[in-house]
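Hi there,

Here is the structure we talked about, with the sequence alongside. Have a look at it first, and then read on for what turned up.

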Amino acid sequence: MQGPDGAARYWVMPFDTTQYQTMTIKGTYPNIRYFSFAAYETIKGGFNLAGDLYDAQIAPDPGSINPFVPPGGSNGTYTVVIARTGSTSGNTIAVSPDLLVWVVLRMYVADADPSLSGQSLMGGVPLPTITLTDQTSASHPLAACSPINKWLDASAFAQFLFPPTEDLSVDEGTPSSDRLWFASPLNPPSVLWPNPDNKYMMMWPGDKYQPGRIIVIRGKAPGFPDTFRGSPIWVASSGFQTVDMRYWALCEQDFALPLSVVNCASDLTTDLKGKYYTIVISDDLVRPKWLRSRPNVNWLPYGDEQYPKFVVLRNMLPAADFHNAVQDAWKKGCTFDLNFPAVPDRSAIDDQGPCAQGVMGDYYPVAVWCDKSTFLAGGFRACLKGSDK
């Protein structure tokens with residue numbers, strides 16, 4: 001699976017500012033949890049985020065309604081402009097002249113839709129139309145893209161971002177204990193086009209899978225909106241009193257190019273008990289029989305053991321009055337330096353993990369390697385004994 005999160009969809013469009021002055025994007029607000037536009041400039045050694053707009057920040061066309069802003073309403077239309085002149089203002093994102101710019105449309109968690117048209121991936125609306133304006137002020141409407149790309153095209157694009165010649169010989173080292181710590185990269189590598197509306201925490205389980213053992217992760221889930229079933233983004237899903245953040249997910253990925261996702265536990269798919277989640281990662285190919293008696297335990301496959309792994313906790317757009325998000329740990333300096341494709345010694349994360357846990361409290365994901373027999377005998381409590389949970 002390509003991409004950083006199984007619940008996300010990306011559409012990417014190049015914008016050559018040596019030939020064109022503006023890119024005008026016209027679309028309909030989708031029925032979805034979150035969408036945004038971001039412009040990344042190609043620079044020597046990576047990319048630079050020129051600017052971004054997420055759904056609630058995008059002003060509607062005159063006479064239209066933005067359903068992401070209370071009190072909401074029917075889906076209106078919007079116009080976003082990427083421009084090589086002027087400054088960022090309103091629905092315009094300014095980019096530098098004479099560069100290749102990549103404009104990214106991100107979409108997370110489309111509402112439930114029985115349609116088989118492919119539009120369910122975009123929240124029940126077509127992809128926006130795009131018109132380029134060249135240096136002579138002539139307009140060039142572009143043909144609509146297919147909502148689903150061919151694997152050949154996606155593979156070629158992945159090789160553009162992550163050339164096959166790139167050496168990603170990662171040595172995560174062996175954990176010094178069974179405890180596995182999460183911490184935030186200070187500045188996520190620009191080649192990964194980090195989303196400015198997200199903050200991330202990473203955990204490295206080690207170079208090799210430990211036979212006869214499992215990874216157990218336990219934490220408190222923040223409240224989120226159940227847009228999948230039609231609720232607006234400001235109404236908390238069942239079981240929660242407040243919307244603590246727009247979206248959260250915990251994903252396992254291969255630490256091998258192109259950093260493919262193995263699987264994710266996202267807010268709308270994760271079973272909770274008393275607002276807490278328990279996630280087990282094992283080397284089974286499918287959810288194992290030994291978890292049948294534990295319906296509230298979420299399972300993720302470890303995946304191909306020839307590749308080292310990393311686990312990412314993603315927090316998106318936390319509420320202003322929620323102070324236990326990854327963003328808060330990042331602001332408090334519970335961070336480590338990550339310069340892709342090199343990775344620092346695992347102590348860089350281990351040293352900052354306790355700092356992040358102190359900020360996030362129960363919302364911090366406590367993770368351990370645990371003997372499977374210990375889990376079967378005593379559940380997550382037996383595995384996490386002595387881990388402050």
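With which residue does Asp-55 form a salt bridge? The partner is Arg-246, and the closest N and O atoms of the two are 2.8 Å apart. Before going further, please keep in mind that this is a predicted model.

**Salt bridges**

The Asp-55 pair links distant parts of the chain, since its two members are 191 residues apart. Asp-55 sits in the loop between strand E4 (46-54) and strand E5 (77-83), while Arg-246 belongs to strand E14 (residues 245-254). Are these two residues buried or exposed? Asp-55 has a relative accessible area of 0%, so it is buried. Arg-246 has a relative accessible area of 7%, and is therefore buried too.

Strand E14 also holds a residue of another salt bridge, Asp-254. The side chain of Asp-254 meets that of Lys-309, with 2.4 Å from N to O. Lys-309 lies in strand E18 (residues 309-318) and Asp-254 in E14, so this pair ties together parts that are 55 residues apart in sequence. Lys-309 is buried, with a relative accessible area of 0%, and Asp-254 is buried with 14%.

A further pair is Arg-213 with Asp-371, whose closest N and O atoms are 2.8 Å apart. Because Arg-213 lies in strand E13 and Asp-371 in strand E20, the pair ties together parts that are 158 residues apart in sequence. Arg-213 is buried, at a relative accessible area of 15%. Asp-371, on the other hand, has 34% relative accessibility and so counts as partly exposed. These two residues are also part of a network of salt bridges that links Asp-178, Arg-213 and Asp-371. The count for the model comes to 9 salt bridges.

**The sheet around E20**

Arg-213 and Asp-371 bring us to a sheet, where Arg-213 stands opposite Asp-371 in E20. This is an open sheet formed by 5 strands, in the order E10-E20-E13-E16-E17, and its pairing is mixed. At the edges are strand E10 (179-180) and strand E17 (297-301), each of which pairs on one side only.

If you want to trace the sheet on screen, E20 is a handy place to begin. Strand E20 covers residues 366-371 and is joined to E10 by 2 bridges, the two strands running antiparallel. Within that pairing, Arg-179 stands opposite Val-368, and Leu-180 has Ala-367 as its bridge partner. E20 also pairs with E13, again in the antiparallel sense, over 6 bridges. Of the 6 residues of E20, 5 are buried, so the strand is largely enclosed by the rest of the structure.

Which helix packs on this sheet? Helix H4 (residues 372-384) does, touching strand E13 (213-220), strand E16 (276-282), E17 and E20. The direction of H4 makes about 155° with that of E20.

**Two charged residues to look at**

One of them is Glu-41, found in strand E3 (residues 32-43). Glu-41 is buried yet has no salt bridge, and the nearest side chain of opposite charge, that of Arg-84, is 10 Å away. What does lie by the Glu-41 side chain is a backbone nitrogen: that of Ser-96 is 2.7 Å from one of its polar atoms. Leaving aside neighbours within four places in sequence, the residues in contact with Glu-41 include Gly-46, Phe-47, Asn-48, Val-95, Ser-96 and Leu-99.

The other is Lys-208, in the loop between strand E12 (198-203) and E13. Is Lys-208 buried or exposed? With 67% relative accessibility, Lys-208 counts as exposed. Apart from neighbours within four places in sequence, Lys-208 is in contact with Tyr-302 and Trp-369. The C-alpha atoms of Lys-208 and Glu-172 are separated by 9.0 Å, the two residues being 36 residues apart along the chain.

That is the tour. Happy browsing, and do write back with any questions.

Best wishes

Conventions
Residues numbered from 1 in each chain as written. Predicted model: local features only at pLDDT ≥ 70, side-chain atom pairs only at ≥ 80, totals over all residues. Heavy atoms only, no water. Pairing = 2+ DSSP bridges. Helix = DSSP H or I, 4+ residues; strand = E, 2+ residues; numbered from the N terminus. Contact = heavy atoms within 4.5 Å. Axes fitted to C-alpha atoms, helices over the stretch in contact; angles between N-to-C directions. Buried < 20%, exposed > 50% of the residue type's maximum accessible area, 1.4 Å probe, protein only. Lys, Arg positive; Asp, Glu negative; His and termini not counted. Salt bridge = Lys/Arg side-chain N within 4 Å of Asp/Glu carboxyl O. Polar contact = N/O pair within 3.5 Å; in protein donor to acceptor, adjacent residues only side chain to side chain.
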